Amino acid sequence: PGGVKIEMNERGQPSGSAFVQFKTNADAENALKYNKQKLGDRYVDMEKMTTEDGEAKESKEDGDTKENEREAKDNKKDREAKEQKEHGDAKEYKIDEEAKENKEDGVAKENKRGGEAKENNFCIKLSGLARKATQADIFDFLSVGQVKQVGEIVITVNGKGKPSGDAFVKVGSNEDIKVALCLNDAAFGNRRVEVHQVDLAQLEKARKNIFCIKLSCLSKKVTENDISKFLSDGNVRQVAEIIITVNEKGTPTGDAFVKIGSEKELKVALGIPEKVIGNRRIEMCQVNM
């Protein structure tokens, strides 16, 4: 990790959240494999965000703290207003307070509109990929091509649940879009790929068509072929990708993630009656990926 920052609450005590910076997107993706895993005696939730997202979150929390301070001041002013009312001055104070609130509401709405305008809508589509192309392959292709900020990568599947040869990638800026478009018709493995700019909505639509299950309690000797055979024997035909997770030493963790091509096939997989691979009984559940 490039750095760890533990978040504090307004009392200066640990809030239960922390931010971890990674040097590469691949490291961040590997870290996400430990989502819902135990840290000490607790299960932790993990989510990916850019440095800008983290700073925005911290800024929001700072704003919440200031909001609490403003509320305390407002309460004090309310008490003062009550006293002034007893002396006949409440009406004028109320007018001033309403004017101030209207001004603050206007500023808040303007800030909200500004934040919405900054939403990342930089997305590209790669076509003509080999079916064996992975997210790591795509990340390396774009990084070598000088795309500085490579974000979410979604490899789409066809009607049979197999990789379609297309992928959507979220990048960090308009400059990254321009650089990525220069890679159109570039060599990717033994193929040439097409690169086009698309709307973020297309990536979000593709994401909804990806279904994923997690297999736990696997033997460390289990291979992708073992998992593929287990699913095939259970009548699951649309397997897009199998990822066996490893720890920092490169040793299998006992978990694996499988991308399924349709919701129907997902239900078939989860309904396999004998959940046994090798001599072990395994656990299966649906997850977001």
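So, salt bridges: there are 7 of them in this structure, and keep in mind that we're looking at a predicted model. Let me walk you through three.

Take K125 and D166. Their closest N and O atoms sit 3.8 Å apart. K125 is in strand β5 and D166 is in strand β7, so we have distant parts of the chain being linked, with the two positions 41 residues apart. K125 itself is partly exposed, at 22% relative accessible area.

Next up, D255 with K214, where the N to O distance is 3.9 Å. D255 belongs to strand β12, residues 252–260, and K214 to strand β10, residues 211–216, so this pair ties together parts 41 residues apart in sequence. Buried or exposed, D255 and K214? Both are buried.

Then there's R281 and E274, at 3.7 Å from N to O. Here R281 counts as exposed, with 55% relative accessibility, and E274 counts as exposed too, at 52%.

Okay, on to the surface. V4, I6, M8, V20 and F22 make a nonpolar patch of about 460 Å². Strand β1, residues 3–8, gives the largest share, 3 residues. V20 comes from strand β2, and it's partly exposed at 39%.

Last thing, the second largest pocket. It holds about 350 Å³ of space, and 16 residues line it, with R131, P163, A240, E241 and I242 nearest the centre. Which element gives the largest share of that lining? That's β11, with 4 residues. By class, the lining has 7 nonpolar, 6 charged and 3 polar residues.

Key:
Residues are numbered from 1 along each chain as its sequence is written. This is a predicted model: local features need pLDDT of at least 70, side-chain atom pairs count only at pLDDT 80 or more; totals for chains, interfaces and linings use all residues. Side-chain values use heavy atoms; hydrogens and water are left out. On a 1 Å grid over the protein atoms alone, a cavity is a set of points where a 1.4 Å probe fits but cannot get out, and a pocket is an open set with protein on both sides within 12 Å along at least five of seven lines; lining residues have an atom within 4 Å of a point. Grid points are joined across faces, edges and corners, and a volume is the space filled by probe spheres set on the points. Ala, Val, Leu, Ile, Met, Phe, Trp, Tyr, Cys and Pro count as nonpolar, Asp, Glu, Lys and Arg as charged, and the others, Gly among them, as polar. Patches are made of residues with over 30% relative accessible area and no salt bridge: like charges are joined within 9 Å, nonpolar side chains (Val, Leu, Ile, Met, Phe, Trp, Tyr) within 5 Å. Accessible areas come from the Shrake-Rupley method with a 1.4 Å probe; for residues, only the protein chains shown count as cover. A salt bridge is a side-chain nitrogen of Lys or Arg within 4 Å of a carboxyl oxygen of Asp or Glu. Buried means under 20% relative accessible area, exposed over 50%, partly exposed in between (1.4 Å probe, protein chains only).
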